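User: I should like to learn how to read a model of this kind, one feature at a time. Please begin with a single residue and then proceed to the helices.

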Amino acid sequence: MKKSITVLLAVISASVLFAVSYKNNTYQKLANEYTKKAQNALDAGDYILAEDYAKKAEENAALSQAYIQKMLAKSEADSVMKNASKRLDYAKSINADKNFPMAYSAAQKAYASADDAYKTEDYTTAAAYAKQVLEALADIKEITPLPQYYIVRPWEETKDCYWNISGRSYVYNNPLLWENLYQANKSNMPKPNDPNLIMPGMKMEIPSLTGEYREGVYSPSKKYDGYSAVNAEK
C-alpha cells in the first residue's frame, strides 16, 4: 500500500506543478494541501489516512487541470472574438454589408453564434465560430461602388447609346444587356418607343441586375471594379 500511495503522490505532484505554471487556483491550493497531508500521514505510517488524503489531492488536481483548460479556452476565445469584432467593424466601415452582402451576413451570423456560445461558457465553440467570422471576411476590400446613374454625353465624344453604355465595365460589361437600361429609362425619353433616341444630359439610371450595390453618378475620375454577374454578390 505504501508503494501505491507513493506512486499516486508522485503523479499528483506532477499535475500540481502543471497547474502552478498557469494559475494559482483554489483547486490547486487544495491539491497542494492534501498532498502535504498525505505525505505527512504516509511518513507517520498511517496508510489509510494517507490514501484518503491522496485521493482528495488527486480529485482536486483533476479539477485544477479542468479549470486551467477552461481558462485557456476562454483566453483563446477572448482573443479570437476580439479580432472578429474588429474585423466586423472594419467591414462595416468600408460598406461590406452592401458590397459583400453574403460574406458580411455570414460573418454576422457566425459572430452571434460565437457570442451565444461564450455566454454559456462554451469557449471552444465560441472560438470556432469567431474563426468563421475571420474566414468569411478574409477577402473583403474597400472598393468604389458601381455607379447608379450615368449622364449621357454627346455621340461625337463618347458614342453613347444603350448598347455601348451597357457594354462598359462599370455598367454591365455586356452590350447585350442594353434592354435593362432602356426599360428603366424609357419613360424619361422624348420618344419612349424609340430606344435609339437618347439625349445628351439625360440622367440614365443603371438598375442593379444581380443584387450588386450601386450609388452615385458615374465619374470618369473614379476607378471602378468591373461588373461581373458571378462576383456581384460574394
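Analyst: Lys29 is partly exposed, as its relative accessible area is 45%; buried means under 20%, exposed over 50%, and partly exposed lies in between (1.4 Å probe, protein chains only). Lys29 belongs to helix α2, residues 26-43. The model is a predicted one, in which local features need pLDDT of at least 70 and side-chain atom pairs pLDDT 80 or more, while totals for chains, interfaces and linings use all residues. Residues are numbered from 1 along each chain as its sequence is written, and side-chain values use heavy atoms, without hydrogens and water.

User: Which residue, 31 positions away along the chain, has its C-alpha atom 8.5 Å from that of Lys29?

Analyst: That residue is Asn60. Asn60 is also one of the α3 residues that α2 meets.

User: How many helices and strands does the protein have, and in what order?

Analyst: Helices (H or I, at least four residues) and strands (E, at least two) are DSSP runs numbered from the N terminus. Here there are nine helices and two strands, arranged as α-α-α-α-α-α-β-α-α-α-β along the sequence. Of the 234 residues, 33% count as buried. Among contacts (heavy atoms within 4.5 Å) with a separation of 6 or more, 63% join residues 24 or more positions apart.

User: How should one read a helix pair, and are α2 and α3 roughly parallel or antiparallel?

Analyst: Axes are lines fitted to C-alpha atoms, for helices over the stretch in contact, and angles run from 0 to 180 degrees between N-to-C directions. Angles under 35 degrees count as roughly parallel, over 145 as roughly antiparallel, 65 to 115 as roughly perpendicular, and the rest as oblique. The axes of α2 and α3 come within 7 Å and cross at roughly 160°, which makes α2 roughly antiparallel to α3. Their crossing is left-handed, a term for a near helix turned anticlockwise from the far one by less than a right angle (right-handed if clockwise). The α2 side includes Tyr27, Leu30, Tyr34 and Leu42, and the α3 side includes Tyr47, Tyr53, Leu63 and Tyr67. The residues of this contact divide into 16 nonpolar, four polar and two charged. Ala, Val, Leu, Ile, Met, Phe, Trp, Tyr, Cys and Pro count as nonpolar, Asp, Glu, Lys and Arg as charged, and the others, Gly among them, as polar.

User: What is the crossing angle of α3 and α6?

Analyst: The axes of α3 (residues 47-93) and α6 (residues 123-136) come within 8 Å and cross at roughly 25°. The two helices are therefore roughly parallel, and α3 passes α6 in a left-handed crossing. Lys70, Glu76, Met81 and Arg87 are among the α3 residues in the contact, while α6 contributes residues including Tyr123, Lys131 and Leu134. By class, there are twelve nonpolar, two polar and five charged residues.

User: How many charged residues are there in the contact of α5 with α6?

Analyst: The axes of α5 (residues 101-119) and α6 come within 8 Å and cross at roughly 165°; α5 is therefore roughly antiparallel to α6. This crossing, too, is left-handed. Among the α5 residues involved are Ala103, Ala110, Tyr111 and Tyr118, and α6 supplies Tyr123, Tyr129 and Gln132 among others. The contact has 14 nonpolar, three polar and no charged residues.

User: Which residues of α9 are buried, and why do they lie on the same side?

Analyst: An α-helix has 3.6 residues a turn, so residues three or four places apart point the same way. In α9 (residues 178-185), Leu181, Tyr182 and Asn185 are buried. They cover an arc of only 100° around the axis, so they lie on the same side of α9; the arc is that of the directions from the helix axis to the C-beta atoms. The elements covering them include α8 (162-166) and β2 (203-205).

User: What should one look for in the backbone of the loops?

Analyst: Most residues other than glycine have a negative phi. Asn95, in the loop between α3 and α4 (96-99), has a positive phi near 60° and is partly exposed at 29% relative accessibility. Glu121, in the loop between α5 and α6, has a positive phi of about 65° and is partly exposed at 43%.

User: Which residues does Pro200 touch, not counting those up to four places away in sequence?

Analyst: Pro200, in the loop between α9 and β2, touches Val152, Arg153 and Pro154. Its C-alpha atom is 8.5 Å from that of Asp160, although the two are 40 residues apart in sequence.
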